[in-house]
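Visitor: I'd like to go through a model and ask why each label in it is used. Can we start with whatever you like?

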Amino acid sequence: MSDMRIVIAGAGGRMGRTLIRAVAESKGLVVASALEQPGSPLLGQDAGDLAGLGKIGVALTRDIDAALAAADGVIDFTVPAASVDLAARAARAGKVHIVGTTGLSPADEAAIKTASEKAAIVKSGNMSLGVNLLAALVRRVARTLDEDFDIEVLEMHHNKKIDAPSGTALLLGRAAAEGRGIDLSKRSVMAREGHTGARKAGDIGFAVLRGGTVVGEHNVIFAGPAERIELGHRAEDRMIFARGALKAALWARGQRPGLYSMADVLGLGDF
C-alpha cells in the first residue's frame, strides 16, 4: 500500500510541529499539506523549516478543502471550533480524521459524531498509548472496587494550557465511571471550596494544577478504608501524543465510517 498522505492541522503550533517531525521519523506516512488559520504570519513558510527539519516542500496554507482533496486524512490538535469545521469538511471528502483536540462542548461532540457517519474519525482526549492503557486499567479497577473506595483524578499541565480539567483527566474520569456503571456528568465534582460538607460516596473528584512547562501528569487515586491504590502516567515529551495519532491514522485508513477511540485502535475495548 502506498504511503498515507496526511494533512497536519495547526502545523505552526507546538503539536503541529511535533507531528511533522513524527511523520518524518515514521514509515508509511508523508506530510501532504500543512494548515494554519487565516491571518497567521506563518502562512507560506515551509512546514519542515518550522519543525526544525529543513525544507520538505510543503508550505503552510489556509485552503482546507484543497489540502483534503490531495490527502488521505488529517490529524488535528487544534481548538474546538476548528475541529468541528474540519470534521464536516473531512466527512464531505471522505477522509480519515484524527481528533486530539480537547475542551470540546457537548454540541461539538455531537457535530463530530454526525460527521463520523460519513468518514472514519478517531477521537481521544489523549493519543498516548500509555494513557489509553491506563484508562483501561482504571476502568477495570473501578469495576472491581465498590463505593468504599473513593475515586479522585489529579492532573497537572504547563501554564499555557487553556482548558481544565484536561481532556485526559476527563478520559480517565469517564473510564472510572464506566467501570462503576454511573454517569460521570451526574457524579463528578470539578471543584471544592469553602464548607463543602463530607464527600459523597460514589462521586468522582477532580483536582487541577497548572505551572511551568509540565507536559502532562495524571494520577487516579482509589482511596479506601486504611489503604490506597494509585495509578498514574507522566508524559515527558509531546512526541508520545504524535506517535499515537500516527498509529491511529494508519489504523483508521482501513476502517468504515464511524466514531472510534484509541481503545479501538489498541484493541482494549474488552479489557
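Guide: Sure, with a pair of helices: the axes of H1 and helix H9 (residues 239–252) come within 9 Å and cross at roughly 60°. Axes here are lines fitted to C-alpha atoms, for helices over the stretch in contact, with angles from 0 to 180 degrees between N-to-C directions.

Visitor: Why is H1 called oblique to H9?

Guide: Angles under 35 degrees count as roughly parallel, over 145 as roughly antiparallel, 65 to 115 as roughly perpendicular and the rest as oblique. The crossing is at roughly 60°, and that makes H1 oblique to H9. The crossing is also right-handed, meaning that the near helix is turned clockwise from the far one by less than a right angle.

Visitor: Where does all this come from?

Guide: This is a predicted model, where local features need pLDDT of at least 70 and side-chain atom pairs count only at pLDDT 80 or more, while totals for chains, interfaces and linings use all residues. Residues are numbered from 1 along each chain as its sequence is written, and side-chain values use heavy atoms, with hydrogens and water left out.

Visitor: What makes S1 and S4 a pair?

Guide: Two strands pair if DSSP finds at least two bridges between them. Strand S1 (residues 4–9) and strand S4 (residues 73–76) have four, in the parallel sense, so they pass. Ala9, for one, has Asp76 in S4 as its bridge partner. Strands are DSSP runs of E, at least two residues, and helices runs of H or I, at least four, numbered from the N terminus.

Visitor: Which strands stand at the edges of the open sheet, and why?

Guide: The order is S3-S2-S1-S4-S5-S6-S12, seven strands with parallel pairing. Strand S3 (60–61) and strand S12 (258–260) each have a single partner strand, so one side of each is left without a neighbour in the sheet.

Visitor: How do you know that S8 pairs with S9?

Guide: Two bridges join strand S8 (residues 188–189) to S9, in parallel, and Ser188 stands opposite Ile204 in S9. S9 (residues 204–210) also pairs with strand S7 (residues 150–157), over seven parallel bridges, with Glu155 opposite Val208.

Visitor: What is the class make-up of the lining of the largest pocket?

Guide: The lining has 18 nonpolar, 22 polar and eight charged residues. Asp, Glu, Lys and Arg count as charged, Ala, Val, Leu, Ile, Met, Phe, Trp, Tyr, Cys and Pro as nonpolar, and the others, Gly among them, as polar. The largest share from one element, four residues, comes from H4.
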